[in-house]
Amino acid sequence: GELVFCQALEELLQLEIPKRAKYIRMLMSELFRMINHLEYISNISSILDYDIARNLALLEKEKILRTTEIITGARVIPNYMRIGGVRADIGSDLLKKLKRQLPLMYKKIKRIENILIRDFVLVERTTNIGTITKQLAVEFGISGPNLRASGSRHDRRKENDHISYGDLHFTVPYGRKGDCLERISIRFAEIYQSLKIIGQVVSKIPMGPV
């Protein structure tokens with residue numbers, strides 16, 4: 001919410017923000033994307049009575065929330081984006097620490113995916129359930145991973161060099177059936193892409209004002 005509000009005013013003011021601030025915005029966007037997806041995964045695991053997967057997802061979510069709290073001073077509503085950039089810089093030590101954690105984060109989230117996706121009962125309970133076709137998704141104005149699960153590759157990050165995502169290499173996962181199982185799978189795939197993006201942001205982030 002902070003990001004789109006600031007971007008709207010910056011566009012009206014024709015205000016160019018510093019490159020380092022753009023990279024920090026991308027970093028925060030991907031961290032909160034992961035938090036959002038892990039919340040969804042924990043909720044669907046709870047609905048399906050997979051307490052182990054639910055608890056593991058909440059644990060990983062909590063670790064990312066701690067990182068965002070260190071950066072912004074808050075957990076859920078960071079109040080960190082500012083018109084023209086961000087409120088404060090991120091230290092190089094924290095960026096290096098975050099990059100070192102990425103392989104372990106991938107391993108632990110992959111474990112959660114294996115618990116869910118490789119379970120025959122779960123697959124049976126979610127396949128061809130709640131199916132939304134691509135056409136129906138577009139007509140209903142569905143967006144984000146739910147839209148991509150229905151077969152659309154639409155992703156705001158790939159349009160008009162959104163923030164500075166054009167500097168980075170990543171793919172947009174999308175499904176085919178648009179059922180419950182694919183809405184779960186898409187979120188795992190997007191988390192892995194977020195980890196990839198964060199690694200690139202930390203490696204490429206330029207020096208300068210924020």
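The largest pocket in this predicted model holds about 750 Å³ of space. Of the 27 residues in its lining, Gly 1, Leu 3, Ser 29, Phe 32 and Arg 33 are the closest to the centre. Helix H1 (2-13), helix H2 (19-47) and helix H7 (144-149) are the elements that each give two or more residues to this lining. H2 has the largest share, with six residues. If you are thinking about the chemistry of the walls, the lining of the largest pocket has twelve nonpolar, eight polar and seven charged residues.

Now for the second largest pocket, whose volume is about 390 Å³. Its lining is made of 15 residues, and Gln 7, Glu 10, Glu 11, His 162 and Ile 163 lie nearest its centre. Here the elements that give two or more residues are H1 and H2. The largest share of this lining, four residues, belongs to H1. By class, the lining of the second largest pocket divides into eight charged, four nonpolar and three polar residues.

Here are the two linings side by side:

| Pocket | Nonpolar | Polar | Charged |
|---|---|---|---|
| Largest pocket | twelve residues | eight residues | seven residues |
| Second largest pocket | four residues | three residues | eight residues |

Next, a look at helix H4, which covers residues 92-117. How does the distance between its end C-alpha atoms sit with the span it should have? At 1.5 Å a residue, the 26 residues of H4 should span 38 Å, and the end C-alpha atoms are 37 Å apart, so the two agree. H4 does bend, by about 35 degrees at Leu 102, and the proline Pro 103 follows within four residues.

Leu 102 is also one of the buried residues of H4. Before it come Leu 95 and Leu 98, and after it Met 105, Ile 109, Ile 112, Glu 113 and Leu 116. The general geometry is handy here: an α-helix has 3.6 residues a turn, so residues three or four places apart point the same way. Glu 113 is on that buried list too, in case you want to look at a charged residue there.

Finally, the cysteines. A disulfide is a covalent bond between the sulfur atoms of two cysteines. With a cut-off of 2.5 Å between the sulfur atoms, the count comes to zero disulfides. Is Cys 6 buried or exposed? Cys 6 is buried, because its relative accessible area is 4% and buried means under 20%. Cys 180, at 22%, is partly exposed.

Conventions. Residues are numbered from 1 along each chain as its sequence is written. This is a predicted model: local features need pLDDT of at least 70, side-chain atom pairs count only at pLDDT 80 or more; totals for chains, interfaces and linings use all residues. Side-chain values use heavy atoms; hydrogens and water are left out. On a 1 Å grid over the protein atoms alone, a cavity is a set of points where a 1.4 Å probe fits but cannot get out, and a pocket is an open set with protein on both sides within 12 Å along at least five of seven lines; lining residues have an atom within 4 Å of a point. Grid points are joined across faces, edges and corners, and a volume is the space filled by probe spheres set on the points. Buried means under 20% relative accessible area, exposed over 50%, partly exposed in between (1.4 Å probe, protein chains only). The expected span of a helix is 1.5 Å times one less than its number of residues. The bend at a residue is the angle between axes fitted to the seven residues ending there and the seven starting there.
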